[in-house]
Structures are given as structure tokens and as C-alpha cells.
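Student: Could we go through this structure together, with the definitions kept beside the values? I would like to see how each label is earned.

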Amino acid sequence: MTAGDPADDVFSALAARYWHPVARSVDVRPGGVVGARVLERDLAVFRAADGTVGVLDDLCAHRGARLSAGTVDDACLRCPYHAWSYDRDGRCTDIPQLAPEHTIPGSARAEAFRSSEHAGLIWACLVDESRELRPRPTWPVTETGTHWLHVGAVYEWNAQAFRQIENFCDVAHFSVLHADTFGNDEQMEMEPFPVTTRADGYGIAFDYAYPSRDPTVEVGPGQKRPVVGTNFEYRLELPFTVALANASGPGSVMCIAASPTSATAMKLFWLCAFPLGAEVDGDAYEALEARIWLPDRAIVEGQRPERLPLDLVEELHLPFDRLAIAYRRALRAIGFSIAGGPVAMSNVPGSNASGRSD
Ligand code: FES
Ligand SMILES: [Fe+2]
């Protein structure tokens with residue numbers, strides 16, 4: 001497939017109907033604004049003095065300047081060019097050049113998007129509630145008060161979001177690609193493991209017991225890290241998020257969201273919830289995770305085809321690839337197109353038969 005392929009349009013139109021992280025909460029302080037990007041849409045994410053967040057199209061209605069380069073006055077975002085001011089609903093509240101007897105034209109608006117904060121992340125949805133396909137994903141472990149959160153650095157991968165999610169859930173590569181951290185290169189053979197798909201088609205779960213090595217122990221040349229063993233508990237919330245229990249220690253839950261910046265690129269938002277009392281050094285943990293993400297990124301950015309093939313006759317699937325089979329089937333069932341084939345939109349609420357309603 002090539003750039004501009006209709007399959008990418010279908011991906012983007014459908015993906016726009018889900019919630020995606022756009023920034024880490026910590027990166028948008030009261031009075032601050034940052035730029036973000038979802039599905040080739042540039043956004044300005046700002047926080048008012050009272051802590052509330054606004055997400056606007058990164059485009060001033062006057063002369064198209066970037067609002068993300070502006071400043072926040074109390075509850076409004078002010079354009080850097082002529083200082084027009086917009087509230088979080090996108091309404092223009094001030095045009096300094098306009099004499100007081102003139103009213104602000106109603107067309108002076110910035111497009112505003114719904115936003116919400118959860119798990120140390122700011123999330124946004126590009127469509128209104130009537131067109132949203134799923135509520136914002138929720139990771140309950142981040143709200144119970146029983147865990148300490150480390151919200152990780154955001155990575156940009158030049159890869160399709162589905163490819164990244166599948167990589168994160170691919171347990172068959174641990175012993176090969178991650179032998180320098182938690183992988184155990186003496187355990188190649190795999191037992192089959194059951195994978196269950198929730199009745200609504202949006203949840204996939206599987207557990208995988210694996211004799212992982214302890215990546216936090218430094219060893220000398222030729223020595224092996226001690227085996228600790230991990231029961232990896234994967235819980236996918238389709239299409240773009242996963243919660244993985246125990247990977248960073250017993251009771252920990254790593255949560256990831258592959259936020260598509262386009263049909264073939266993404267930002268990886270991730271965090272880990274550690275049980276209280278099992279807090280870790282944030283910098284050391286971040287450095288360790290970076291060593292794990294790095295080889296994954298190199299592989300996934302190089303995978304061909306770039307778009308995950310949803311037709312199971314493409315690529316070879318063996319019994320230890322059960323997650324990939326379930327994930328691809330589920331993506332297809334919720335309407336994402338088959339690469340190179342017809343578009344399956346019949347299961348998508350509000351879609352017409354052509355699958356191009358967005
Ligand atoms: S371009 Fe934004 S106020 Fe003029
Ligand atoms: Fe990996």
C-alpha cells in the first residue's frame with residue numbers, strides 16, 4: 001500500500017472515534033500550553049489557572065497562527081500573533097484590536113475537543129459524544145489509592161499503532177530480543193496458552209507464565225541474570241490500550257496507549273503502577289524500560305507491511321501467536337479494514353455501507 005491509500009483513510013476515520021492520550025498531565029502545568037498531534041490533526045493542549053484542561057485545534061481563526069505557541073491568561077488561550085483569546089470551548093473571548101462597541105463575530109472560533117485526565121495523562125476525543133465508539137479507556141489500578149504511579153517518557157515511533165500494540169503483547173520474542181534484560185535465552189520453547197476475547201469484542205485477555213530473568217541485577221560478562229519468573233497478565237482494551245500486570249514486579253501494572261499521530265505513526269504513552277511500599281527509583285526504572293523499548297522500536301519500525309495485516313492468510317501464525325490471531329480478528333470485527341482487501345465497516349455503529357461515512 002502507498003501513502004494516501006483508502007485503507008489509511010478508513011483507519012483514521014475509525015481511530016478518530018476513540019479516545020487517545022495527547023500529553024502527560026505533568027507536562028501541562030497551570031498556565032501552560034503544549035502542541036500535540038492525533039491522526040494528523042495538530043492540537044493545542046492548555047491548562048487554565050484553576051487546573052482545568054482545554055484542547056483546541058492548533059489554528060487561530062484569524063490568520064492561522066499556531067495557538068500552541070500562545071499564552072494562557074487565566075482560563076483562556078491567547079494567540080501569539082494578534083492576541084485573540086479563546087476559552088476551552090473554542091469561543092473567542094477577546095479581540096484586543098476591536099473597539100468595545102463592536103461585538104466579537106460568532107465565526108471567531110477555534111474548534112474545541114472533549115478532553116479528560118486519567119492516569120497522569122490528558123486524553124482527547126476528536127469526535128462528539130454521539131459519534132464516539134467507546135468511552136475513554138480506564139485503568140482502575142491508577143485510582144484505587146493502592147499504587148504509586150510512574151508516568152514514563154513519551155516515545156514517538158514511526159510505526160502503525162496496531163503493530164506496536166501487537167509487539168507489546170508478543171511473548172514469543174522475549175527470549176530473543178530481550179535476552180539482555182528480562183528475557184531468558186535458555187527458554188525458547190513455548191507452551192500453548194489460552195486467549196479469551198470478551199463478548200463485546202473490545203477486550204482480550206491472556207496470562208503467560210515465563211521464567212524471566214531479573215533485569216535490575218548487574219552481571220559480569222558471560223554471566224546470566226538470576227531467574228525470577230513472572231506471570232504476565234495481559235488485558236487489552238481495543239483498539240489501542242493494554243494493561244500488563246506483574247511485568248515490573250509482583251502486583252505492578254504497566255499501562256500503555258498507542259496514540260496514533262497518523263495511520264502509520266504513533267506516540268507511545270505508558271505508565272506503571274507499583275503497589276505502595278514497592279516504589280522504585282524513577283530514573284533507574286525509566287532507564288531500564290528505555291533499554292527494553294529500544295530493540296522493540298527498531299523491530300517494529302522495520303516491519304513490513306507497515307499496516308498490520310488483518311487477513312489471517314497474510315503472515316504465518318503458529319500456536320504461540322494466539323494473541324496476534326485474536327487481536328487481528330477483533331480489529332477486523334470492529335471495522336478496521338483488511339489490508340489490500342475490502343473494507344469491513346458493517347459492525348461500526350453509524351457507518352454506511354461504503355464504510356466512508358466519516
Ligand atoms: S492569527 Fe491569531 S490573532 Fe491573528
Ligand atoms: Fe519487546
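Student: Which residue stands opposite Glu117 in E10?

Tutor: Ile122 stands opposite Glu117. Before we go on, note that this is a predicted model, in which local features need pLDDT of at least 70, side-chain atom pairs count only at pLDDT 80 or more, and totals for chains, interfaces and linings use all residues. Residues are numbered from 1 along each chain as its sequence is written, while chains are lettered from A and ligands numbered from 1 in the order in which they are written.

Student: What makes E9 and E10 a pair?

Tutor: Strands pair if DSSP finds at least two bridges between them. E9 and E10 are joined by 5 bridges and run antiparallel, so the definition is met. The hairpin of E9 and E10 has 2 residues between the strands, and Ala119 there takes a positive phi near 60 degrees.

Student: And what joins E4 to E9?

Tutor: There are 2 bridges between strand E4 (residues 53-57) and strand E9 (residues 112-118), which run antiparallel. Because at least two bridges are required, that count qualifies as well. Here Leu56 stands opposite Ala112 in E9.

Student: How are the helices and strands themselves defined?

Tutor: They are DSSP runs, numbered from the N terminus: helices are H or I with at least four residues, strands are E with at least two. On that basis the protein chain has 5 helices and 18 strands.

Student: Why is Cys125 called buried?

Tutor: A residue is buried if 20 or more other C-beta atoms, placed from the backbone, lie within 10 Å of its own, exposed if 12 or fewer, and partly exposed in between. Cys125 has 24 within that distance, so it is buried. It belongs to strand E10 (residues 121-125). Beyond its neighbours within four places in sequence, Cys125 is in contact (C-beta atoms, placed from the backbone, within 7 Å) with Trp19, Phe113, Arg114 and Glu132.

Student: What makes helix H2 largely enclosed?

Tutor: In H2 (residues 161-168), 7 of the 8 residues are buried, so the rest of the structure largely encloses it. The buried residues include Phe162, Ile165 and Phe168. Among the elements they pack against are strand E17 (253-262), helix H4 (282-302) and helix H5 (322-333).

Student: Which residues touch the most other members of the largest nonpolar core?

Tutor: Val22, Val45 and Ile256 do, in a core of 85 residues. A nonpolar core is a set of buried Ala, Val, Leu, Ile, Met, Phe, Trp, Tyr and Cys residues joined through C-beta atoms within 7 Å. Strand E18 supplies the largest share, 8 residues. Not counting residues up to four places away in sequence, Ile256 touches Phe168, Thr241, Val242, Leu268, Phe269 and Trp270.

Student: Where do the domains lie along the chain?

Tutor: Domain 1 is 26-131 and domain 2 is 140-216 + 225-333, with bounds from an automatic or database domain assignment. Their C-alpha centres lie 34 Å apart, and 8 residues of domain 1 are in contact with 10 residues of domain 2.

Student: How do you know that the chain is as compact as a globular protein?

Tutor: The radius of gyration, taken over C-alpha atoms, is compared with the globule rule, 2.2 Å times the number of residues to the power 0.38. The value is 22 Å, close to the 21 Å that the rule gives for 358 residues, so the chain is as compact as a globular protein of that length.

Conventions: Two residues are in contact if their C-beta atoms, placed from the backbone, lie within 7 Å.
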